[in-house]
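User: I would like to learn how to read empty space, cores and sheets in a protein model. Could you take me through one case, feature by feature?

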Amino acid sequence: MKRTVVATLSAVLVLSTLVAQQAPAAAADNPVVVENQQAGSTGWQINPQKIADDATGQIKGYASLTSVSPGQSITFYVTVNPAQTYSIDVYRIGWYSGMGGRLRLHVAGQNGIQQSACTPNATTGLIACNWSPSYTFTVPADWTSGIYYTLLTNAAGYQNAIIFAVKDGRPAAFLYQQAVNTYQAYNNYPDDHVNGKSLYSFNSYGANTISGTTRAVKVSFDRPYSGEGSMYFFTFEINLVRWLEKNGYDVTYTTDVDTDANDGALLSHKGFLSTGHDEYWSKGMYDAVLAARNAGVNLAFFGANAVYWQARYEPSAGGAAKRVLVCYKDASTDPVRDATTTVLFRDPLVNRPEQTLMGVMFRDEVPFSAPDPVTGNYVPNNSPYVVTNSSHWLYAGTGFRDGDSVPKLVGYEMDRYDSSFAGPTGATQWTFLSNSPYTGEFYGAEYAQSSIYQAPSGAWVFASGTMSWSWGLDNYWYTYADPRIQRTTANLLNAFLNGAPKTVHDLKVTAPASAAVGQAFTVGVTAEDAQGSPVTTYTGTVHFATSDTGSGVVLPADSTLTNGQGSFSVTLATTGPQTITVSDAANSLSTTASLTVAAAVGPANHLVLATTATPTAGAAFSFTVTAQDSAGNTDTGYAGTVHFTSTDTSTGTVLPANATLTNGQGTFSATLFVAGAQTVTATDTTTASITGALNVSVRPAAASKLALTTGGAYPTAGTPLSFTATALDQYGNTDTAYAGTVHFTSSDTSTGVALPADATLTNGQGTFSATLIRAGVQTITATDNATASITGALTVTVRAASATKFAASASTTTPTAGAAFSVTLKAQDQYGNTDTAYAGRAHFTSSDTSSGVVLPADSSLTNGQGTFSVTLTKAGAQTVTATDTATASITGSVSVTVKPGAAASLTLGAPATATVNQSFNVTVTAKDRYGNVATGYRGTVQFTSSDLLATLPANYTFTAGDGGAHSFSVTLVTPPSESVTVTDTANASLTASAQITVKLPLLP
């Protein structure tokens, strides 16, 4: 996860006494057996006092490959400081009669040089050492596949190691995958607290990278491992390797890189073993292992926190394939956005949670070590492994019981099933084999689980759920080996080889729920495995016992089963609850069945109605009717006819027709419509006391409509209206499970209308508020957003608010002066609605204050409105205003343009004096009776004069362009005074005269 134990645990390598182990007989001729018969050596153990450190670099090295095949060359790159000679010793790690290793190559007298410093890339933090080759050799053909540990020793005695795998491509039973990706992910070479970088911030130094911290996003296999050079092999893997080889399992070895490069190689093995700290996988690895499982290859994950980070490979700068491991751990900084983006496998971007493969997934961790409470020395901070499902075949022969524990086996990282992620698709026989509590660093109180399941292909998949499973197999360094864990692991690998055994999990006892006193009945016994299948090989003897101590009890003799099964006759004698126990003491098996013993059956005196259904309104449901005697026994001879009634008397309710029962029982169908508590009653048609009732709670059907109701059907405009929306099924029941979203609309689309936002209902109902504006009949409609047919409407009559203004209108906008016209007045609220309840009085005024103006007297309105007569006399724009006599703010006006009336007189505008024979202008104006210019006058006028010599205008007919007035030219001749008269030729009453003084012209 975020940190792990560093190689200090392998700094002092010692051999410990092993506990007894149980394992299968090994094939005498498999290469692992033959190899371990060779002479071993303890020379591979590094001198803890002389381990080279990264800061000084007394001697460090790395290999050109993480794994190599016989006949293939491998190159070591070595640096020494100061320059001096060094030796190379290559050991194969195995059992070798407890010696732990075998020397396969010794090279002495190599001239060492101090290689160039390895510095990080400023962007990615990648540290790749561009060292000169130091030693190259071809792997001999007789080197057996395995983990090879290379000791480098300089002339001063300082040591460091190079670790690699030899692979052979052989179709061995088991394929061991060395977790080199995780080695490299945590490798922070050079661990000098200056430049070293890993994929983790906790042990990376120097400048920040693109990750935003000191950690790298790329790490290279072209550099030594920090510490003594083997990373976590001696911490989490060597115990498993020693145990496998001691017990002669046919195993071949590869690495993560090989799984990615050659996915088909897994298909030639019976079991794939993921070991130790196997946290970093590529997509290719995941694909390969998944394909192998789906092809029937068994999988074992003997660690925890596996398949956690998705990484990918890149070639080295020199072009060597898969020499750089890439893991940005952040999709936003990873330049690759596809199925290989380097995030958690459980991240939605990748969406391959590890438990879909393993059955469990990483959950939490604890500090690797803690002080011993007695000695104060730091010891592993592990917790006990607590057994569950101890009857599982995996625990066969271990003696485990549920709750048994194995000390120090659970740590330091732990897995369990996480219900928020999917499990393995199609998994069967999925069993959690442990539940081990601990206190985690992230989540506090936690538990670890080991898991096993069978894939649809038949492959078994086991996950230990703990990083330290291998500590229970062998006592190298840690002395926690436990024969029960050894036997469990052997059972697993034997199942990989030969198929899982069937073991008896329990005795299944099948007995009737009830029996009658003195009447024999049959009890079935089946020896079954944990999956409920008969174990045909069961040879135990079963013994029968009962809680019934009465006289007349008959039990079977002790018996064996045939193919794991048997049927036996039992007779009990005492009424009431009784038990029958079937046991096999030799195999610690015992099962008890309960039943009720009744007296001999009497005649039915009641009916029992029962159903397993929760009826839905409008849907038929099934129920049973049983005729029982007073002791609750079924009266199989009951011959009565049953009649059915119900508390639900609604139209459409369907009840069974009168019916008889068969052997005292019958199954019937009913359909009820009213939701809630209802009963169905069955009664014997002849004997009414033989009756019984079924109480059910009818669920509403799915909503088909919405009902909107309100307590106030006459809301006021602008005032919130509370109403209730109810989801009803087609029968009028409230659908309390209705989960739709309701949208509200209204026939009132005025500005200011407020409707509820889209909403869900609670238990099928909701109370909402709406504000309508327009008075009169309006509707509010609720409609399901997804199903438009689920809808309903509320009709209300909106009342106007109190009047705030008058709205006045005239029967004409151009009344004629002196002619009456109508003004209609409405009392309106602020929204323009007529306030029919208005009870005020209106006072009228006008901008026309002329004599003859006629305005209405102060008046009340009827239903908020009234029509009044108004007469104005002054032509032009005028207003008529109404104002509430009590509330001056309630007011309103109407504007009109008053037209003059018909011409009632003519006026003649002329100068007072004129000069002889000099023309002058006169103006004739037609006026109505109110003095307004009669702009509509179209009469013809004739001029006359008392001056017989005068020059007068010809007759003239007025036009629209004159606007009621026209100017004319007149010349008078005779002094001293003359008159000029104008007269309408059709109406002599329309006439006007002017007396003008005529003067002689002035002499020059």
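**Reading the model**

Analyst: Just after helix 3, Gly248 takes a positive phi of about 75 degrees; helices here are DSSP runs of H or I with at least four residues, strands are runs of E with at least two, and both are numbered from the N terminus. This is a predicted model, in which local features need pLDDT of at least 70 and side-chain atom pairs count only at pLDDT 80 or more, while totals for chains, interfaces and linings use all residues. Residues are numbered from 1 along each chain as its sequence is written, and side-chain values use heavy atoms, with hydrogens and water left out.

User: Is helix 3 mostly covered or uncovered, and which core draws on this helix?

Analyst: In soluble globular proteins, nonpolar side chains tend to be buried together. Here helix 3 is mostly covered, with 13 of its 14 residues buried (buried means under 20% relative accessible area, exposed over 50%, and partly exposed in between, with a 1.4 Å probe and protein chains only). The largest nonpolar core has 107 residues, and Phe233, Trp281, Phe301 and Tyr385 have the most contacts inside it; the largest share of this core, eight residues, comes from helix 3, residues 233–246. Apart from this core lies another, of 26 residues, including Tyr937 and Leu990. Such a core is a set of buried Ala, Val, Leu, Ile, Met, Phe, Trp, Tyr and Cys residues joined through side-chain atoms within 4.5 Å.

User: Which residues does Phe301 touch?

Analyst: Not counting residues up to four places away in sequence, Phe301 touches ten-odd partners that are best read by name, among them Trp281, Leu357, Met358 and Phe462, where contact means heavy atoms within 4.5 Å.

User: How is empty space found, and what volume does the largest cavity have?

Analyst: Rolling a probe the size of a water molecule over the atoms shows where empty space is left. On a 1 Å grid over the protein atoms alone, a cavity is a set of points where a 1.4 Å probe fits but cannot get out, and a pocket is an open set with protein on both sides within 12 Å along at least five of seven lines, lining residues having an atom within 4 Å of a point. Grid points are joined across faces, edges and corners, and a volume is the space filled by probe spheres set on the points. The largest cavity has a volume of about 130 Å³ and is lined by 15 residues, of which Tyr62, Ala63, Ile163, Phe221 and Tyr225 lie nearest its centre. Strand 1 (59–63) and strand 8 (159–166) each supply at least two residues of that lining.

User: Which residues lie closest to the centre of the largest pocket?

Analyst: The largest pocket holds about 530 Å³ of space, and of its 20 lining residues the closest to its centre are Ser391, Arg401, Val504, Asn587 and Leu589. The second largest pocket, of about 330 Å³, is lined by 17 residues, including Asp222 and Ser316.

User: In what order do the four strands of the open sheet lie?

Analyst: The order is 53-52-55-56, with antiparallel pairing, and two strands pair if DSSP finds at least two bridges between them. Strand 53 (859–860) and strand 56 (891–898) stand at the edges, each with a single partner strand, so one side of each is left without a neighbour in the sheet. Eight bridges join strand 55 (residues 876–884) to strand 56, and Ala882 stands opposite Gly892 in strand 56.
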